[in-house]
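Q: I've got this one open on my screen. Can you walk me through it?

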Amino acid sequence: MNKSILQVLLLLLIITILSITPPGGKPLFTVIGGTIIDSTKSIIFFWWNLGRTIEDWGSAITNFKKVLRERVDYKEKLNLLRTLNLQIERLRAENKVLRDLWKIQELPVNFNFVGARVIGTDFSIFSPALILDRGVRDGIVEGLPLLYGGGVAGKVVRVFE
């Protein structure tokens with residue numbers, strides 16, 4: 001059959017079904033023992049369910065495209081996190097080398113800073129030193145790093161009361 005003839009027949013079938021079962025109304029025609037709507041209920045439910053299925057697949061395809069876009073975004077974020085993690089690991093290794101070089105012991109996570117004032121200096125060529133106003137009573141021990149505003153200034157070599 002010709003494609004246009006099939007389209008016309010399908011259109012006539014749809015018009016017939018719609019004219020028999022107007023939306024929200026009662027059936028126009030009745031047959032013995034029931035209505036035409038009763039006899040065509042299974043056909044109508046089939047077409048209704050088919051339409052719902054097509055609509056569900058359409059939304060699934062739309063959502064799938066959204067999921068694919070989000071997947072690309074998450075892959076980019078994951079790559080960024082991997083790069084940052086590699087940088088952190090490199091800095092940790094570098095930090096360990098510097099601690100070993102300066103012979104600085106690892107600080108506990110919950111360490112406290114102790115402020116101190118410089119009360120004396122000894123700037124000899126071989127070992128420049130600062131004398132601070134804090135000691136054992138303040139929790140200072142040998143090997144602790146000496147920090148200033150911009151970073152590490154040295155380490156504690158000797159501690160007195």
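Q: How many helices and strands does the protein chain have?
A: This is a predicted model. The protein chain comes to three helices and six strands.

Q: And in what order do the elements run from the N terminus?
A: The order is α-β-β-α-α-β-β-β-β.

Q: Where does UniProt place the coiled-coil region?
A: The unreviewed UniProt entry puts that feature at residues 74–101.

Q: What is the span 74–101 in the model, helix or strand?
A: Helix, at 100%, with 0% strand. The C-alpha atoms at the two ends of residues 74–101 are 40 Å apart.

Q: Switching to pockets. How much space lies in the largest pocket?
A: About 1,200 Å³. The lining has 36 residues, and the closest to the pocket centre are Leu130, Leu132, Leu146, Lys155 and Val156.

Q: Which elements give two or more residues to that lining?
A: Strands E3 (118–123), E4 (128–132), E5 (145–148) and E6 (151–155).

Q: Which gives the most?
A: E4, with five residues.

Q: How does the lining split by class?
A: It has 24 nonpolar residues, six polar and six charged.

Q: Back to the whole chain. What share of residues is buried?
A: 9% of the 161 residues, with buried meaning under 20% relative accessible area.

Q: What about the accessible surface?
A: About 14,300 Å² for the protein chain. Carbon and sulfur atoms hold 65% of that surface.

Q: And what share of contacts joins residues at least 24 apart?
A: 25%, counting contacts between residues at least 6 apart in sequence.

How values were computed. Residues are numbered from 1 along each chain as its sequence is written. This is a predicted model: local features need pLDDT of at least 70, side-chain atom pairs count only at pLDDT 80 or more; totals for chains, interfaces and linings use all residues. Side-chain values use heavy atoms; hydrogens and water are left out. UniProt positions are given in the numbering used here, feature names are shortened, and annotations may be inferred rather than shown by experiment. Helices (H or I, at least four residues) and strands (E, at least two) are DSSP runs, numbered from the N terminus. On a 1 Å grid over the protein atoms alone, a cavity is a set of points where a 1.4 Å probe fits but cannot get out, and a pocket is an open set with protein on both sides within 12 Å along at least five of seven lines; lining residues have an atom within 4 Å of a point. Grid points are joined across faces, edges and corners, and a volume is the space filled by probe spheres set on the points. Ala, Val, Leu, Ile, Met, Phe, Trp, Tyr, Cys and Pro count as nonpolar, Asp, Glu, Lys and Arg as charged, and the others, Gly among them, as polar. Buried means under 20% relative accessible area, exposed over 50%, partly exposed in between (1.4 Å probe, protein chains only). Contact means heavy atoms within 4.5 Å. Accessible areas come from the Shrake-Rupley method with a 1.4 Å probe; for residues, only the protein chains shown count as cover.
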